[in-house]
Each structure stands twice: as C-alpha cells, then as structure tokens.
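Here is a short report on one chain. It moves from overall build to sheet, core and a few local details.

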Amino acid sequence: MPSDIPIVQISKSDLNEDGTLAAANLLKVTGLCGSTSDARRSIQQGGAKMGADKDRIESHDQAIPVESGLLLWVGKKRFCQVDLVD
C-alpha cells in the first residue's frame, strides 16, 4: 500500500439512488481515466481494481457501491481514495 494516497472528493448527488455508480463512470469521475472509453479499455484489459485487496472490476457497467475510504486502482501507478461529500 502506498503511503501517500491522493483523496478524491465525489458528491453524493453524482451517485445513483442506491449509492452506486457504474465502474467506467466512477473511474472517469475520480480522474483515474480521462474518458469513459479509456475506463472501459482499462477494465477490459484487467487493469482496474478496487479495495485494499485489489479486487478486479469485471465489467464497465458493474455497479460499484461508493463509500468514503473506497480505494481505486488503474494499472500500477494510478490510484486514489474516495471521499463522499454532500
């Protein structure tokens, strides 16, 4: 685990009613991917992961429950921690 993990703030209004967000959209909103297409490509190639255990994100439309403290990874060098704000 890196010691200096950047924190990205996401507004609760950006989430679906059930507190989730599609994987590709989440990677775009956090800035880990520049576009939804880039996010889809990263997911398809197996480079997108979430959580401290680095669980692989399986598909671009996978509903990810977004909570403060969620860790996201794209490749080896792009990562962030989510912080939910109102």
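Of the 86 residues of the chain, 37% count as buried. The model is predicted. Its radius of gyration is 12 Å, close to the 12 Å that the globule rule gives for 86 residues, so the chain is as compact as a globular protein of that length. The C-alpha trace spans about 30 × 30 × 20 Å along its principal axes. Among contacts with a separation of 6 or more, 51% come from residues 24 or more positions apart.

The chain holds 2 helices and 7 strands. Along the sequence the pattern reads β-β-α-α-β-β-β-β-β.

## The sheet

An open sheet is formed by 5 strands, in the order E1-E7-E6-E3-E4. Its pairing is mixed. E1 and E4 are the edge strands, and each pairs on one side only. Strands of a sheet pair through backbone hydrogen bonds, either parallel or antiparallel. The table lists three of the pairings.

| Strand pair | Sense | Bridges |
|---|---|---|
| E1 and E7 | parallel | 5 bridges |
| E6 and E7 | antiparallel | 4 bridges |
| E3 and E6 | antiparallel | 3 bridges |

Individual partners can be placed on this map. From E1, glutamine 9 stands opposite aspartate 83 in E7. Isoleucine 10 has leucine 84 in E7 as its bridge partner. Leucine 71 is matched with glutamine 81 in E7. Lysine 49 has tryptophan 73 of E6 as its bridge partner.

The hairpin of E6 and E7 has 3 residues between the strands. There, glycine 75 takes a positive phi near 70 degrees.

Which residues of E1 lie on its covered face, and which on its uncovered one? Val8 and Ile10 make up the covered face. Ile7, Gln9 and Ser11 make up the uncovered face. In a regular strand the side chains alternate between the two faces of the sheet.

## The core

The largest nonpolar core has 23 residues. Within this core, Leu26, Leu27 and Leu72 touch the most other members. Two or more residues each come from strand E1 (7-11), helix H1 (23-29), helix H2 (36-44), strand E3 (48-50), strand E6 (71-74) and strand E7 (78-85). H1 gives the most, with 4 residues.

What does leucine 26 touch, leaving out residues up to four places away in sequence? Its contacts are Ile10, Leu21, Ile64, Val66, Leu70 and Leu72. Of these, Ile10 belongs to the covered face of E1. Leu72 is again one of the core members that touch the most others.

## Around tryptophan 73

How many aromatic pairs does a search of the whole structure find? The search finds 1. The pair is made by tryptophan 73 and phenylalanine 79. A pair of aromatic rings is described by the distance of the centres and the angle of the planes. Here the values are 5.3 Å centre to centre and 40 degrees between the planes, and the pair is tilted. The tilted class applies because 40 degrees falls between the 30 degree limit for stacked and the 60 degree limit for edge-to-face.

Are these two residues buried or exposed? Tryptophan 73 has a relative accessible area of 4%, so it is buried. Phenylalanine 79 is at 17% relative accessibility and also counts as buried. The cut-off behind both calls is under 20%.

Lysine 54 lies over the face of tryptophan 73, at 4.2 Å from the ring centre. Lysine 54 is partly exposed, at 41% relative accessibility. This lysine is found in the loop between E3 and E4. Its phi is near 55 degrees, a positive value in a residue other than glycine. Most residues other than glycine have a negative phi.

## The loop before E4

Alanine 52 also lies in the loop between E3 and strand E4 (55-56). With a relative accessible area of 55%, alanine 52 is exposed, because the threshold for that class is over 50%. Its C-alpha atom is separated from that of glycine 69 by 9.8 Å. Along the chain, alanine 52 and glycine 69 are 17 residues apart.

How values were computed. Residues are numbered from 1 along each chain as its sequence is written. This is a predicted model: local features need pLDDT of at least 70, side-chain atom pairs count only at pLDDT 80 or more; totals for chains, interfaces and linings use all residues. Side-chain values use heavy atoms; hydrogens and water are left out. A nonpolar core is a set of buried Ala, Val, Leu, Ile, Met, Phe, Trp, Tyr and Cys residues joined through side-chain atoms within 4.5 Å. Buried means under 20% relative accessible area, exposed over 50%, partly exposed in between (1.4 Å probe, protein chains only). Contact means heavy atoms within 4.5 Å. Rings of Phe, Tyr and Trp (its six-membered ring) pair if their centres lie within 6.5 Å; planes under 30 degrees apart count as stacked, over 60 as edge-to-face and the rest as tilted. A charge sits over a ring if NZ of Lys or CZ of Arg is within 6 Å of the ring centre and within 35 degrees of the ring normal. Two strands pair if DSSP finds at least two bridges between them. The radius of gyration is taken over C-alpha atoms; the globule rule is 2.2 Å times the number of residues to the power 0.38.
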